[in-house]
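Please look through the sequence and the model shown here before reading on. The paragraphs that follow lead from strands and sheets to a helix, a ligand and a single residue.

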Amino acid sequence: MVSRVAIAGAGMTGSYLYRLLESQGMKADIYGDAVSHAACGINPCAWGSTSSFRQHVRAAGLDPGQYVFKDFRVVNFEGVDMRAHLLTFDKPRLINDLRKGVEVLGGPVPPRRYERVIDATGLRRAYLPRIKADLLVPCVQYRVRRERADSSKVVIQYGNLGYSWMFPLSDNEFHIGAGSVLADPKETLRESGFMNAGGKILCGCSGKVRSTSPLDSQPFVSTDSILGGQVWGVGESIGAVAPIAGEGIAPGMASARLLAANWDSPGKYTSRILKEFSWMIDERKVIDKVAAGQRLGLQDWLILRRTGRRMGAPVSLSETRELLKCLTKKKSTSRRDASMSNECAK
Ligand SMILES: Cc1cc2nc3c(=O)[nH]c(=O)nc-3n(C[C@H](O)[C@H](O)[C@H](O)COP(=O)(O)OP(=O)(O)OC[C@H]3O[C@@H](n4cnc5c(N)ncnc54)[C@H](O)[C@@H]3O)c2cc1C
């Protein structure tokens with residue numbers, strides 16, 4: 001049984017894993033780093049998630065109701081209202097509660113002190129070997145206070161080789177951001193018109209999202225001669241991020257649960273991660289196509305449809321076709337004109 005364990009990275013996944021291990025009677029030291037504190041208090045300032053969030057939080061012995069800001073049953077995608085199951089939550093509070101009473105240690109993990117080091121350093125992947133085919137998508141996000149705006153739904157708009165989002169945090173605060181495969185995400189956001197409605201920008205954060213998929217983020221476990229033990233990756237460090245949506249919170253927690261459940265077998269851990277997140281491989285292929293400027297075919301849209309389903313948005317085949325038509329058409333028109341006339345919703 002491994003007894004001396006360090007978790008490097010005190011973000012969402014590292015803190016969650018800490019709590020899971022503790023509930024299994026295992027002690028770990030946790031190492032953080034100061035870079036995580038940005039203007040919005042935490043970086044990346046990601047506070048949106050899918051329905052599985054609740055079940056993951058419960059598995060760590062906490063009450064999800066304490067953290068959820070808002071639940072959404074509707075997402076407006078390109079002017080079309082669709083059913084969905086999304087939520088926003090208080091991420092800094094959840095992270096604090098997950099590592100309550102624990103001192104987060106500074107500096108790098110010292111050599112030869114631990115039998116196992118968990119790499120939960122997200123994008124940085126500080127202790128695992130470099131990924132050759134890494135696909136990192138730049139994102140930007142602002143917290144905006146806006147009175148009298150519609151806070152009942154999440155709004156998503158495709159464009160400029162990426163997409164823009166508007167996630168209500170309360171009746172008058174929103175996370176408004178964008179990510180793009182090739183273009184500047186600020187330009188994608190500008191093109192969406194989401195910032196035009198005014199309001200006060202409270203803070204902002206930026207960063208990249210690993211859209212690589214776990215398949216291309218291997219190995220998940222390696223031996224490090226300097227640390228003198230094994231390194232196991234978890235969360236975004238091993239590509240547990242939905243490549244299209246850029247959603248890494250719930251997948252990070254799911255990967256931590258797989259790690260805790262397969263604690264003694266690197267082989268089983270690897271195969272369970274690859275199985276659990278096999279759908280991410282297809283999503284990555286779609287992104288590669290977009291980045292290469294290739295046209296998306298029906299097969300790709302079926303993958304996007306699966307993405308929608310996973311996020312609680314069951315898009316019918318005819319709706320998928322409509323969206324495909326709409327998206328192709330909009331490329332040749334002014335996005336602002338198109339969204340103002342709500343072209344896609346017709
Ligand atoms: C702008 C933006 C918005 C996003 N929005 C969403 C969203 O709404 N929903 C969603 O699900 N996902 C979102 N994501 C993605 C999501 O934030 C990440 O996938 C998720 O945070 C990954 O969690 P993690 O704990 O694995 O990594 P991280 O959250 O990145 O945590 C890693 C931690 O390790 C620390 N660290 C780094 N290097 C070291 C080191 N050498 N030693 C010790 N510590 C180290 C970092 O400071 C950080 O605290 C967004 C990403 C961005 C950039």
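Which residue in S9 is the bridge partner of Val 75? The bridge partner of Val 75 in S9 is Val 154, and to see how this pair fits in, it helps to keep in mind that the model is a predicted one. Strand S4 (residues 68-77) is joined by three bridges to strand S9 (residues 154-159), and these two strands run parallel. S4 is also joined to strand S5 (residues 80-89), here by eight bridges and in an antiparallel arrangement, and in S5 it is Met 82 that stands opposite Val 75. Val 75 therefore has a partner in S9 as well as one in S5, and in general the strands of a sheet pair through backbone hydrogen bonds, which may be parallel or antiparallel. Between S4 and S5 there are two residues, so that the strands form a hairpin, and Glu 78 in the turn has a positive phi of about 55°.

Just before S4 in the description comes Tyr 67, whose place is in the loop between helix H2 (52-59) and S4. Is Tyr 67 buried or exposed? Tyr 67 is buried, because 22 other C-beta atoms lie within 10 Å, where 20 or more are required. Leaving aside residues up to four places away in sequence, Tyr 67 touches Val 57, Phe 89, Asp 90, Arg 93 and Leu 94. Leu 94 is 27 residues from Tyr 67 in sequence, yet their C-alpha atoms are 6.5 Å apart in space.

Another part of the model is an open sheet of six strands with mixed pairing, in the order S6-S2-S1-S7-S14-S13. Strand S6 (104-105) and strand S13 (221-224) stand at its edges, and because each has a single partner strand, one side of each is left without a neighbour in the sheet. The partner of S13 is strand S14 (residues 229-233), joined to S13 by four bridges and running antiparallel to it; Ser 222, for instance, has Val 231 in S14 as its bridge partner. Helix H1 (residues 12-23) lies across strands S1 (5-8), S2 (29-31) and S7 (116-119), running at about 155° to S1.

Finally, there is the ligand, with 38 residues around it, of which Gly 11, Ala 46, Gly 122, Gly 235 and Gly 248 come nearest. H1 is among the elements that give two or more residues to this shell, together with strands S3 (48-50), S8 (136-145) and S12 (200-210) and helix H5 (249-261). S12 gives the largest share, four residues, and by class the shell has 16 nonpolar, 18 polar and four charged residues.

Conventions: Residues are numbered from 1 along each chain as its sequence is written. This is a predicted model: local features need pLDDT of at least 70, side-chain atom pairs count only at pLDDT 80 or more; totals for chains, interfaces and linings use all residues. Two strands pair if DSSP finds at least two bridges between them. Two residues are in contact if their C-beta atoms, placed from the backbone, lie within 7 Å. Axes are lines fitted to C-alpha atoms, for helices over the stretch in contact, and angles run from 0 to 180 degrees between N-to-C directions. A residue is near a molecule or strand if its C-beta atom, placed from the backbone, lies within 6 Å of it. Ala, Val, Leu, Ile, Met, Phe, Trp, Tyr, Cys and Pro count as nonpolar, Asp, Glu, Lys and Arg as charged, and the others, Gly among them, as polar. A residue is buried if 20 or more other C-beta atoms lie within 10 Å of its own, exposed if 12 or fewer, and partly exposed in between; C-beta atoms are placed from the backbone.
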